[in-house]
Amino acid sequence: MRYLPLTPADRAEMLGVIGAATVDELFVDVPAEARLSGPIAGLPHHASEMAVERHMAALAAKNVSAGAVPFFLGAGAYRHHIPASVDHLIQRGEFLTAYTPYQPEIAQGTLQVLFEFQTQVARLLGTDVANASMYDGSTACWEAVAMAARITRRTRAVLSGGLHPHYVATVQTMARFTGDVIDSRVPELSAAPDDDALIAAITPDTSCVVVQYPDVLGRIPDLAKIAAAAQGAGALLIAVVTEPVALGLIEAPGQLGADIVVGEGQALGVGLQFGGPYLGLFGCRDKYVRQMPGRLCGQTVDAEGKRGFVLTLSTREQHIRREKATSNICTNAGLCALAFSIHMTLLGGDGLARMARASHARARQAAERLARVPGVSVLNSAYVNEFTVLLPSDAREAVRRMADRQVLGGVSLGRLYPGADALASALLVATSECTTVEDIEALGQALEGVLA
């Protein structure tokens, strides 16, 4: 499609139709202090394409990329090996340019992939049913809280201290518009999560209990115990999984009693991607399916008895009356879901388990090495591929100084919880099958060097 820029006469005619004298009048509702008074200082008015590319490449060269140095960052985004075939397949024209599958007769490939994606997610999460994906893990978490409120007709959600603070912030932001009461807390630096304290927070007006599994410190809560307590009080248990590879080693949340399971699928097929786009996973019990947000692809037969796929459920405002919609989520992360599904298909159940075991083995080696650093101790009594270590000084400074030594040594809890002084010395370390013995030794030496 050709792009023809507007001429001054075109602009004048358009402004005349809408009753504005100048383009500036279109921005009168923007507060004056939020508007620029002139050009941005230091930014040229224009530059050639080659000059811009050279400048941006120089800026990019200042970054330390995940694959270039020993990498131990996690906290909700993980580096795993993604086969080249994943990227090759998602770039096929049939997938890369496919639009929303409203017309099943011309979207069978997309619908079939989403159907298979749902099957994989349901099996991974241990739920009866899963939808065709959501934007990311944090928004899926909020949608689960809103869903629990609709089911229970209650409006108080109890959030575990082990829930990632970005997920907590998303829930709190959305709850401002619904009136839901959010009972959240900051994690305690204990070897295992305090499940009893979380259970004690359940009241008769609680709609749901939200628990991350494994939690933000890498610990593994007792979901079965929490599920029994929540359901005994008429509330739902929502389990949140930010590292899907961990489910290749520990039992699926749905099998432990979770009513709704949500999470982030980024670790499989999608990659780090500089923070997005990511992939929200959402599964639940079959009896709650009509309260589930997003889309659900189903299998059927056509007039000739041949197998086909359709959008079976799409409970959003664009399809039904606004007041009847369960969500204003307007799409699914189709291409990211495809990448996830291809990677899962290539791995299979055994491959996912091997990946999880390899990631766990690297975590054990890293924990043993860091425990030998003077003044450092490992917090967790159990973990999969992410654990917390306690340093004798501020972890933020240690992370910065390790980065200067070309080691991305983890995520400081002081960064995630800037107002919690008790967490300032805690460092979250994540490993994967990409982690090598040399990487672990480099981490140990770097931490020894910055703490000396």
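# A walk through the chain

Start with the whole chain shown as a surface: about 22400 Å² of it is exposed, and carbon and sulfur atoms supply 55% of that area. Areas here come from the Shrake-Rupley method with a 1.4 Å probe, and for residues only the protein chains shown count as cover. One thing to know before you click on: this is a predicted model, where local features need pLDDT of at least 70, side-chain atom pairs count only at pLDDT 80 or more, and totals for chains, interfaces and linings use all residues. Residues are numbered from 1 along each chain as its sequence is written, and side-chain values use heavy atoms, with hydrogens and water left out.

**Switch to cartoon.** You should find 13 helices and 13 strands; these are DSSP runs numbered from the N terminus, with helices (H or I) of at least four residues and strands (E) of at least two. Now turn the C-alpha trace around: along its principal axes it spans about 75 × 60 × 45 Å.

**Colour by burial.** Of the 452 residues, 48% are buried (buried means under 20% relative accessible area, exposed over 50%, and partly exposed in between, with a 1.4 Å probe and protein chains only).

**Select Phe115 and Phe309.** There are three aromatic pairs in the chain. For a pair, ring centres of Phe, Tyr or Trp (its six-membered ring) lie within 6.5 Å; planes under 30 degrees apart are stacked, over 60 edge-to-face, and the rest tilted. Phe115 and Phe309 make a tilted one, with 5.2 Å from centre to centre and 50° between the planes. Follow the cartoon out from each ring: Phe115 sits in helix H5 (residues 108-125) and Phe309 in strand S9 (residues 307-314), 194 residues apart. Which of them is buried? Phe309 is, at 3% relative accessibility, while Phe115 is partly exposed at 22%.

**Next, Tyr383 and Phe387.** This aromatic pair is tilted too, 5.3 Å centre to centre with 45° between the planes. Both Tyr383 and Phe387 are buried.

**Finish at Gly218.** Look in the loop between strand S4 (206-212) and helix H9 (223-232). Gly218 counts as buried because its relative accessible area is 1%. What does Gly218 touch, leaving aside residues up to four places away in sequence? Pick out Asn380, Ala382, Tyr383, Val384, Glu386 and Leu428; a contact here means heavy atoms within 4.5 Å. So Tyr383, from the pair you just visited, turns up again as a neighbour of Gly218. Last, draw a distance from Gly218 to Gln273: their C-alpha atoms are separated by 23 Å, and the two are 55 residues apart along the chain.
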